[in-house]
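Trainee: I would like to go through this model one question at a time. Please show the sequence and structure, and then we can begin.

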Amino acid sequence: MSVGLLAVVDDILTAALKASAKTAGVVIDDAAVTPQYVQGLSPARELHVVWRIALGSLVNKFVIIIPLALLLSAFAPWVLPWLLILGGTYLCFEGAEKVTEWFGAHHGADEPESRDEGKLIFGAIRTDLILSTEIMLIALASLDPDFGIWMTLGALVVIGLGMTVLVYGAVALLVKIDDIGLSLMKNPVRRVRRTGARIVAAMPAVFRVIGIIGTVAMLWVGGHLVIANLAETFWHGPYDVLHAATNAVESAGPVVVWLTDTAMSLVFGLVLGLIIAGIVFAIAGLLKRNNREVIAA
């Protein structure tokens, strides 16, 4: 009995490891996006916020995504591409909104409100829901269809736990690197103090780079989600263009193919995101103007 149980566990872990390898790109995106949400917070609150986002990510995976994915894949698999299109479109919108902020557009009422801890956590968990959905759906698609419901569930649970620990462990370490630098600056050894000072001085630039990477990741992942799942539903046009471009550079090697796919998905995501952002901001501006007219009347 114990040997049989060990064999089942081994099969689950092996399948989970193989499926996880195919989600690596989205996991990197998730890890790059999340640190943006703790920038500007008090150092004493950073780990608390990361912990709450990690708990929200576990709820996303185990309460929403995995049960829904298993049910839909069994009874309504045609719904999954539409959900991914919606999720990808939202990522494109969020990424495009950040791009417009780089060029001076401000969409919040004021800075204190935009840094409200509760809103930051909610926004991070909402973004995690989309990224985690793609991670789990890619993993689900990578598992053997003859695996069985319980083995599939076990593999998805392992993947969900592993990815959450990996992503938010890395994020927690990243956001506390400056504290490590400050600690090193108190060391009696001069060389160690200099290393700590360099770490502290470098962190603002590191977080700026992370912010850019996170925004690019949103646009790339969102654009690719929309392109791939439009082809699964009703419109092959963008996917055909992407496929033709990657085929044209296939002889240059897999790295060039990946870069081409990523760049085109990024541009598509940015254009789509800017269109959605323009519509959203126009409607928001119209509603504000109507409210002012009502109040003035």
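**Salt bridges, packing and surface**

Mentor: This is a predicted model. Lys176 has a relative accessibility of 17%, so Lys176 counts as buried.

Trainee: Which residue forms a salt bridge with Lys176 at 3.6 Å between the closest N and O atoms?

Mentor: Side chains of opposite charge can pair when their charged atoms come close. The cut-off for a salt bridge is 4 Å, and a pair with its closest N and O atoms 3.6 Å apart involves Lys176. The partner has 8% relative accessibility and counts as buried. That partner is Glu46.

Trainee: How many residues apart in sequence are the parts that Glu46 and Lys176 tie together?

Mentor: Glu46 forms a salt bridge with Lys176. Glu46 lies in helix H3, and Lys176 is in the loop between helix H7 (149–175) and helix H8 (177–185), so the separation of the parts they tie together is 130 residues.

Trainee: Which residues are joined into one network by salt bridges that share partners?

Mentor: Lys176 pairs with Glu46. Lys176 also forms a salt bridge with Asp179, where the closest N and O atoms are 2.4 Å apart. Salt bridges that share partners make one network of Glu46, Lys176 and Asp179.

Trainee: Is Asp179 buried, partly exposed or exposed?

Mentor: Buried means under 20% relative accessible area and exposed means over 50%, with partly exposed in between. Asp179 has a relative accessibility of 27%, so Asp179 is partly exposed.

Trainee: Which helices are tied together by the salt bridge of Arg52 and Glu117?

Mentor: The closest N and O atoms of Arg52 and Glu117 are 3.9 Å apart. Arg52 is partly exposed at 36% relative accessibility, whereas Glu117 is buried at 19%. Arg52 lies in one helix and Glu117 in another, so the pair ties together helices H3 and H6.

Trainee: Are H3 and H6 roughly parallel or oblique?

Mentor: H3 and helix H6 (residues 117–142) pack with their axes 8 Å apart, at an angle of about 40 degrees. Angles under 35 degrees would count as roughly parallel. The angle therefore makes H3 and H6 oblique.

Trainee: Which element gives the most residues to the nonpolar patch on the surface?

Mentor: The patch consists of Val59, Val63, Ile64, Leu68, Leu83 and Leu86, with about 520 Å² of accessible area together. Helix H3 (43–75) and helix H4 (79–102) each give two or more residues to the patch. With 4 residues, the element that gives the most is H3.

Methods
Residues numbered from 1 in each chain as written. Predicted model: local features only at pLDDT ≥ 70, side-chain atom pairs only at ≥ 80, totals over all residues. Heavy atoms only, no water. Patch = residues over 30% accessible without salt bridge, like charges linked within 9 Å, V, L, I, M, F, W, Y side chains within 5 Å. Areas by Shrake-Rupley, 256 points an atom, 1.4 Å probe, with all protein chains shown as cover. Salt bridge = Lys/Arg side-chain N within 4 Å of Asp/Glu carboxyl O. Axes fitted to C-alpha atoms, helices over the stretch in contact; angles between N-to-C directions. Parallel < 35°, antiparallel > 145°, perpendicular 65-115°, else oblique. Buried < 20%, exposed > 50% of the residue type's maximum accessible area, 1.4 Å probe, protein only.
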